[in-house]
Amino acid sequence: MIGASGPVSAPASPAVTRLKLTGFRNYARLDLTLDARPVALFGPNGAGKTNLVEAVSFLGPGRGVRAAGAEAVRMKTGGAPASVWAVYAEAMTRDGAVSLATGSDPAEPSRRRTRLDGAAATQGELARLFPMVWLTPREDRLWAGPRADRLKFLDRLVLAGAPDHAGAALAYDKAQRERQRLLDRLDEGARVDPAWLDALEAEMARHGAALAAARVEALARLQAEIDARPDSAFPKADLALDGVLEARLAHGHTAGEAEDWFAGALKSGRRRDGAAGRALTGPHRTDLAARHRGKDQPAADCSTGEQKALVLGLALAQAGAVRRSQGAAPVLILDEACAHLDAARREGLAEAILALEAQAWLTGVEASLFTAFGAGAQHYRIEAGTAEGA
Ligand SMILES: Nc1ncnc2c1ncn2[C@@H]1O[C@H](COP(=O)(O)OP(=O)(O)O)[C@@H](O)[C@H]1O
Ligand SMILES: [Mg+2]
């Protein structure tokens with residue numbers, strides 16, 4: 001009978017089922033067949049654990065966990081350094097099984113080319129098929145470090161639930177760079193067509209308002225997810241956005257009003273921005289603030305361990321929020337995230353990941369860091385660019 005309710009099949013959380021590396025970092029060749037369970041990689045320093053999760057991060061949009069260029073990842077060691085490199089993956093996604101190949105362009109080795117089922121892939125498509133949330137040792141200093149790092153982290157969290165965010169950010173940056181080039185010329189006394197500046201500022205305002213709106217919406221979802229979660233091994237955070245457009249949206253302005261205000265602010269700030277060499281106001285200067293709820297302290301004032309637990313809690317909550325809103329969890333990459341967790345927190349982490357039913361990729365130096373996963377994960381010993389099931 002048409003319309004009868006059969007079993008509702010939720011979109012599967014993305015999971016890599018095969019991963020092949022060729023001439024990638026310290027892997028001459030690797031061919032892994034996997035299932036949808038989390039993947040725990042353990043082995044000594046320098047074995048290739050981060051390299052492997054970097055390859056996984058190449059399935060999503062952008063330049064991966066190390067923000068590396070195409071030339072950096074080409075295998076350069078050994079008797080026969082590779083002239084080209086490639087990452088090939090087969091994966092289950094919301095669109096079913098897909099294959100993804102990314103690697104150096106033979107005609108232009110400094111460029112990376114990505115093909116999805118044999119056709120050129122856009123960043124937006126990759127973001128939709130492979131939403132990702134990752135934490136690396138870099139994020140250990142997230143709360144006390146530079147604002148720009150927090151903004152990147154925030155935008156990655158947003159992107160995991162809003163694939164269009166990447167396109168808006170690229171378009172905003174491009175308009176911003178072009179406007180600055182014109183302002184620099186003005187500053188040098190050259191003549192510049194004001195209509196051209198108006199157009200670029202309109203672009204910045206349009207994409208900037210979209211960026212801010214996506215952040216405000218994602219943060220509200222994330223905070224709701226945090227608030228709804230039972231108390232766990234990971235502390236709860238109270239989050240806030242500190243940004244000129246985000247503040248307007250939070251105070252009830254529409255996106256259109258925020259956009260108009262920003263276009264006006266850019267126009268009246270031309271001389272100042274020209275002298276400064278950069279735009280002094282806008283969503284590229286937004287900051288993410290977090291407080292440790294239990295301690296009622298800003299995150300930056302918490303102990304190193306508390307700061308790490310906070311950021312891990314955020315990553316897990318965002319994965320949960322994305323799963324709740326889209327039915328599928330993102331790929332979770334946690335590089336060295338359990339190194340400093342006590343046994344109870346490691347158990348809490350395994351529980352949280354298994355409950356997400358996400359294919360998380362975890363790394364650590366000892367197999368024992370992942371015993372809490374038991375048969376719930378696939379365990380691999382990594383050693384000198386090889387992987388062996390354990
Ligand atoms: N382009 C490259 N070619 C060959 N080896 C590389 C390349 N980039 C990094 N490596 C090597 O990969 C090794 C493993 O790195 P990594 O994955 O970070 O180790 P870990 O297991 O500690 O995470 C390092 O010894 C590094 O020198
Ligand atoms: Mg590493």
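The exercises below, each with a worked solution, concern a predicted model.

**Exercise 1. Describe how helices α4 and α5 pack, and say which residues make the contact.**

Two packed helices are described by the angle between their axes and the distance between the axes. Begin, then, with the geometry: the axes of α4, which covers residues 165–187, and α5, which covers residues 194–228, come within 8 Å and cross at roughly 145°. Next, consider the handedness, which is left-handed where α4 passes α5. The third step is to list the residues that touch: α4 contributes H165, A168, A169, A171, Y172, A175, Q176, E178, R179, L182, L183 and L186, while α5 contributes W196, L197, L200, E201, E203, M204, H207, G208, L211, A214 and R215. Finally, sort the residues of this contact by character, which gives 14 nonpolar, 4 polar and 5 charged.

**Exercise 2. How many aromatic pairs are there, and what arrangement do Y172 and F262 adopt?**

The count for the structure comes to 5 aromatic pairs. For the pair of Y172 and F262, take the two values in turn: the ring centres lie 6.5 Å apart, and the planes make an angle of 20°. Since planes under 30 degrees apart count as stacked, this pair is stacked. To place the pair in the fold, note that Y172 belongs to helix α4 and F262 to helix α7 (residues 255–268), so the pair ties together parts that are 90 residues apart in sequence. Both Y172 and F262 are buried. Elsewhere, ring pairs join F24, F58 and W85 into a cluster.

**Exercise 3. Is T136 buried or exposed, and which residues does T136 touch?**

First locate T136, which sits in the loop between β8 (132–135) and α3 (147–161). Its relative accessibility is 11%, and because buried means under 20%, T136 counts as buried. When residues up to four places away in sequence are left out, T136 touches V65 and D335.

**Exercise 4. How many residues of helix α1 are buried, and which are they?**

Helix α1 spans residues 49–57, and 8 of its 9 residues are buried, so that the helix is described as mostly covered. The buried residues are K49, N51, L52, V53, E54, A55, V56 and S57.

**Exercise 5. How many disulfides does the structure hold, and are C302 and C338 buried or exposed?**

A disulfide is a covalent bond between the sulfur atoms of two cysteines. A search of the whole structure for such bonds finds 0 disulfides. Turning to the two cysteines named, C302 has a relative accessible area of 6% and is therefore buried, and C338, with a relative accessible area of 2%, is buried too.

Definitions and conventions. Residues numbered from 1 in each chain as written. Chains lettered and ligands numbered in written order. Predicted model: local features only at pLDDT ≥ 70, side-chain atom pairs only at ≥ 80, totals over all residues. Heavy atoms only, no water. Axes fitted to C-alpha atoms, helices over the stretch in contact; angles between N-to-C directions. Helix = DSSP H or I, 4+ residues; strand = E, 2+ residues; numbered from the N terminus. Left-handed = near helix turned anticlockwise from the far one by under 90°. Contact = heavy atoms within 4.5 Å. Nonpolar A, V, L, I, M, F, W, Y, C, P; charged D, E, K, R; others polar. Disulfide = S-S within 2.5 Å. Buried < 20%, exposed > 50% of the residue type's maximum accessible area, 1.4 Å probe, protein only. Phe/Tyr/Trp six-rings, centres within 6.5 Å; stacked < 30°, edge-to-face > 60°.
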